[in-house]
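Welcome, and please open your viewer. We will walk through this chain one stop at a time, choosing what to select and looking at what is there.

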Amino acid sequence: MQHTGRGWNVAGLILSLLALASCTLGPVDPERPYVSGETTRVLKAGLGIVDRYHLAPRPLSEMVLRGLKGLATLDRDLRFDLPEDRDQLVVGRGSWTQRYPLSNAVTAEEWSRLAVTAIDAARSVSPSIRAARAEQVYELLFDAAFSGLDRYTLYLSAREARSNRASRHGYSGIGLSIDSEDGLIRVKEAFANGPARQSGIRKDDIIVQINGVPVAEWPLAQVGETLRGPRGTPVTLLLSRDGRRFEVTVTRRDVVVQTVFVEIRDRYGLIRISGFNDRTARSFAGAMETIEDAAVSGLVIDLRGNPGGVLDETITIADRLLADGTILSTRGRHPGAHQQFEARDAESDIAIPLVVLIDHGSASATEVLAAALRDHQRAVLIGGTTRGKGTVQRLHELPNTGQVNVTWARMHSPNGRSIDGHGVRPAICTGDLDRDPDLALEQIRHPRGVEVSSDCNSAAGTDFNIELAARLLANQDLYRRLRIGGIPGTALLHQPVYTVANTFGVDHLR
């Protein structure tokens, strides 16, 4: 899952309705008042984490000054400055000025105390700063403080952090993902084995009311908040389906977002993985039982649009698909960032012919799996180059239950190539092919004369990519040639796999 701005880059909203680890906690109060002591503890924790773990941290003085200037956006007359001699912090508003010596500001704790002293002084003369609630202060400070770092090092508010934990570990709710369309709240998916589906709620149902209150035009986040509640409590939905309205009462319970979907099509199996949470590897194992029972001759794994997630789950799946060898290595400034994952030889290893679908929406942990399968010549990758989000984030909870995600390592595929900024290129760029699968297959067999774009993009549309994958699996000679390095002379294909280089090794990823 990736971040854009302050939020997550997701299609629609997965209802992260209360992390299992926090089910007994009440709702987070976004209007919590500012308290100097708590702010000092929160800043100390957040700044200290970045200073200790980040790949290339900025000086604490720079981060603190950036953060204070971010807070000053609430009041255009307020200023925070470090003079050229950098021996004092200046706080000013109009003719009012305060100066604070920096002689004792070295550690994150000392800089945090200084920052809070400056904030308290600003609150005494600025009505706008004085009116700011605690969460607004944290967001402005951290967003600005981290703006000189990479885009994935960021602060999540207490509410956002709770939603983030729920997406990984589960939540107490009814098991729906929803989207907004033309002002209507539509069910995007009712999760298998979830209480919503078991109560008869289906994909594309329109949620008209929740507990008797109309929800048309509500923001998705507000719908999610309203559906939240402790396990065992009921929620009543008025739904519309095909012009007919009906009411359903659903009892909330612990739910983990469904990320694995399996189908049997002709002589091949199709597994779609939409993300990686704490249950993805277990769900994948169950999907493989379905595949094996069907005795199919090949498997397509669809990773398009998968933004990533929990790295351990990705490693477990890669381990099942690879007989041996390196899966991933990481490198970073902190000694703990140097890790390496290896596939273990086991009877459960899966040897079925494999095609993997990827595109620019495939990112992070998804790229780990795709790169490992490519580098070990285990699968043929088709579609488009992945996003190139090849960094590892550590997740740290703050005293206010908010969270700092700090980038602390870069990922390297088994052959030693960095994923960060480069992505994973498939063997076949489907955006350059004819949209008829049979004609596209001929272009792959005889690529000379095919016009190839400089970018490697995936063809639009789900069916074409899947149909092309099925035809590759049915043509074993062509599949084998693509899997072991491609057809000589073609510009449609990636370069042959490199030899494995020296690598180090990962932790946990988001």
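Let's begin with the rings. The structure holds three aromatic pairs. Select F142, F146 and Y155 together: these residues form one aromatic cluster. When you look at a pair of rings, keep in mind that such a pair is described by the distance of the centres and the angle of the planes.

**Colour by confidence**

Before going further, remember that this is a predicted model. Colour the chain by pLDDT. The mean pLDDT of the chain is 85, and 87% of its residues reach 70 or more. Now select residues 1-28, where the pLDDT is below 50. Beyond near neighbours in sequence, this stretch still has 91 contacts in the model. Do likewise for residues 488-510: here too the pLDDT is below 50, and the stretch has 98 contacts beyond near neighbours in sequence.

**A sheet and its helices**

Next, select β4, β5 and β6. These three strands form an open sheet, in the order β4-β5-β6, and their pairing is antiparallel. Which strands are at the edges? They are β4 (78-81) and β6 (96-101), each of which pairs on one side only. Turn the sheet to look along it: from one strand to the next, the twist averages 10 degrees.

Zoom in on β4 and β5 (residues 88-93). Four bridges join these antiparallel strands. Show L78 and look across to β5, where R93 stands opposite.

Now add helix α2 (residues 60-71). Helix α2 lies across β4 and β5, and runs at about 175 degrees to β4. Then add helix α3 (residues 108-125), which packs on the sheet. Which strands does helix α3 touch? Helix α3 touches β4, β5 and β6, and its direction makes about 170 degrees with that of β6.

**Charges over rings**

Select R272 and F261 and show their side chains. The charged end of R272 sits over the ring of F261, 4.2 Å from the centre of that ring. A second example is waiting at W408: R394 lies over its face, at 4.5 Å from the ring centre.

**Two loops with positive phi**

A little background helps at this stop: most residues other than glycine have a negative phi. Now go to the loop between β16 (260-265) and β17 (268-273), where you will find D266. Phi of D266 is near 50 degrees, a positive value in a residue that is not glycine. Is D266 buried or exposed? D266 counts as exposed, because its relative accessibility is 72%, and the cut-off for that word is over 50%.

Move on to the loop between α9 (280-293) and β18 (298-302), and select A295. A295 is not a glycine, yet its phi is positive, at about 55 degrees. With a relative accessible area of 48%, A295 is partly exposed.

**A buried leucine**

For the last stop, select helix α12 (residues 437-445) and pick out L441 within it. L441 has a relative accessible area of 7%, so it counts as buried, which requires under 20%. What surrounds L441? Leaving aside residues up to four places away in sequence, L441 touches L468, R471, L472 and L478. Try drawing a line from the C-alpha atom of L441 to that of L478: these two residues are 37 residues apart along the chain, and their C-alpha atoms are separated by 9.3 Å.

Definitions and conventions: Residues numbered from 1 in each chain as written. Predicted model: local features only at pLDDT ≥ 70, side-chain atom pairs only at ≥ 80, totals over all residues. Heavy atoms only, no water. Pairing = 2+ DSSP bridges. Axes fitted to C-alpha atoms, helices over the stretch in contact; angles between N-to-C directions. Contact = heavy atoms within 4.5 Å. Phe/Tyr/Trp six-rings, centres within 6.5 Å; stacked < 30°, edge-to-face > 60°. Lys NZ or Arg CZ within 6 Å of the ring centre and 35° of its normal. pLDDT = per-residue confidence, 0-100. Buried < 20%, exposed > 50% of the residue type's maximum accessible area, 1.4 Å probe, protein only.
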